[in-house]
Amino acid sequence: MVDQVISNLIVNKKGSYVDCTFGLGGHTSAILKNLDSEAELIGIDRDPESFEAANEVIKKDNRFSFINDKFGNLEDHFPGDSLDGILVDLGISSRQLDNPERGFSFQAQGPLDMRMNQSDVDSAETWLNKSSKEEITRVLWEKGEERNSRKIAEIICRERDVSPINTTQRLIKIIVACKPRKSKRHPATNVFRAIRMEINSEMEELQNVLIAAGCLLKNGGRLAVISFHSLEDRIVKRFLQGKSLDGKKFSFRKVGSKHFKPNKEEIIKNPRSRSAILRISEKVA
Ligand SMILES: C[S@@+](CC[C@H](N)C(=O)[O-])C[C@H]1O[C@@H](n2cnc3c(N)ncnc32)[C@H](O)[C@@H]1O
């Protein structure tokens, strides 16, 4: 959905923009191509592995700079009413997902890590082996909407008493034993997503970046958020409708008739984009 982002996010070609989820720099490069020489773009990513790609952009383009931090801390880096556009492309990059050593994928054998920044304290392994059965059940249910949350949590706790659960394969084996495969969807999808969201505090990060965007955008500045899951999209939608989030609310005007979805060609090119929803809104006084 790069084209939709570009044509609807950039309101001032000489303005200041933030790409909160630099990743591999795909959106950043497209945004830079569409900005004038006086503009600036700051890329942010919590994963230090993004430095390599960010440095390549820095070498070629003096309008770009990079901050290795969580986007929930956005207000630490910019003054209020100073930005023309903010992009948030939630989730993980294909590089993170495809590297078995990062432990995000249920398609590959690897350590049970799932941290977006590997210097954070709790990996998925640490969390899974120390949390109570009730806590695991709650997270799988609330963040993964996993119907078998109680049963899976029970077996996890039983299995970890035998030996710590420290690989993706061992966790997958437990999940598959609790819920046989019924559809094309891998039975571990919800559990993996729930654990990833929990250990990376993804819902809290989303809330913080939305509130920060409300404070940091100029009037007329735009916020674009791409989410991949209804839980996230619901929060974004309500916030952009002017509903209160953590006691704070802001006024936005919707850009476009509804939300944007990837078209057929985009889905064929990148099947992971099939559940993406892009919402773009403009801050109003
Ligand atoms: C879907 S990828 C973004 C891909 C990027 N738009 C591109 O074109 O390459 C999401 C990226 O956001 C980063 N990320 C996720 N949550 C974050 C957070 N709370 N703060 C900063 N970066 C975050 C991840 O590390 C990952 O690199």
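This report describes the ligand site and the two domains of a predicted model.

## The residues around the ligand

The shell around the ligand is made of 22 residues. His-27, Asp-45, Phe-71, Asp-89 and Glu-205 are the closest of them. Sorted by class, the shell holds seven nonpolar, eight polar and seven charged residues.

## Polar contacts and burial of the ligand

Both side-chain and backbone atoms of the protein approach the ligand. In Asp-45, an N or O atom of the side chain is 2.6 Å from an oxygen atom of the ligand. Asp-45 is also listed among the closest residues of the shell. With Arg-46, the backbone is involved: one of its N or O atoms lies 3.1 Å from a nitrogen atom of the ligand. Thr-21 also takes part through its backbone, where a polar atom is 3.4 Å from a nitrogen atom of the ligand.

The area of the ligand can be stated as well. Taken alone, the ligand exposes 600 Å². Of that area, 93% is buried by the protein.

## The two domains

The domain assignment divides the chain into domain 1 and domain 2. Domain 1 is given as two stretches, 2-94 and 202-283, while domain 2 covers 121-199. Measured by position of their C-alpha atoms, the centres of the two domains are separated by 30 Å. Ten residues from domain 1 and six residues from domain 2 take part in the contact.

## The contact between the domains

Domain 1 and domain 2 bury about 700 Å² between them. Carbon and sulfur atoms give 49% of this area. On the side of domain 1, Glu-202, His-229 and Leu-231 supply 62% of the area buried against domain 2. No other three residues of domain 1 supply as much.

How many salt bridges are counted between domain 1 and domain 2? The count is one. The side chains of Arg-196 and Glu-202 meet in a salt bridge, with an N to O distance of 2.8 Å. Glu-202 is thus named twice here: in this salt bridge, and among the three residues that supply 62% of the area domain 1 buries. Between the two domains, three residue pairs are in polar contact, with both residues at pLDDT 80 or more.

Note on methods:
Residues numbered from 1 in each chain as written. Predicted model: local features only at pLDDT ≥ 70, side-chain atom pairs only at ≥ 80, totals over all residues. Heavy atoms only, no water. Near = heavy atom within 4 Å. Polar contact = N/O pair within 3.5 Å; in protein donor to acceptor, adjacent residues only side chain to side chain. Areas by Shrake-Rupley, 256 points an atom, 1.4 Å probe, with all protein chains shown as cover. Nonpolar A, V, L, I, M, F, W, Y, C, P; charged D, E, K, R; others polar. Domains from an automatic or database assignment. Contact = heavy atoms within 4.5 Å. Buried area = accessible area lost by both parts, 1.4 Å probe. Salt bridge = Lys/Arg side-chain N within 4 Å of Asp/Glu carboxyl O.
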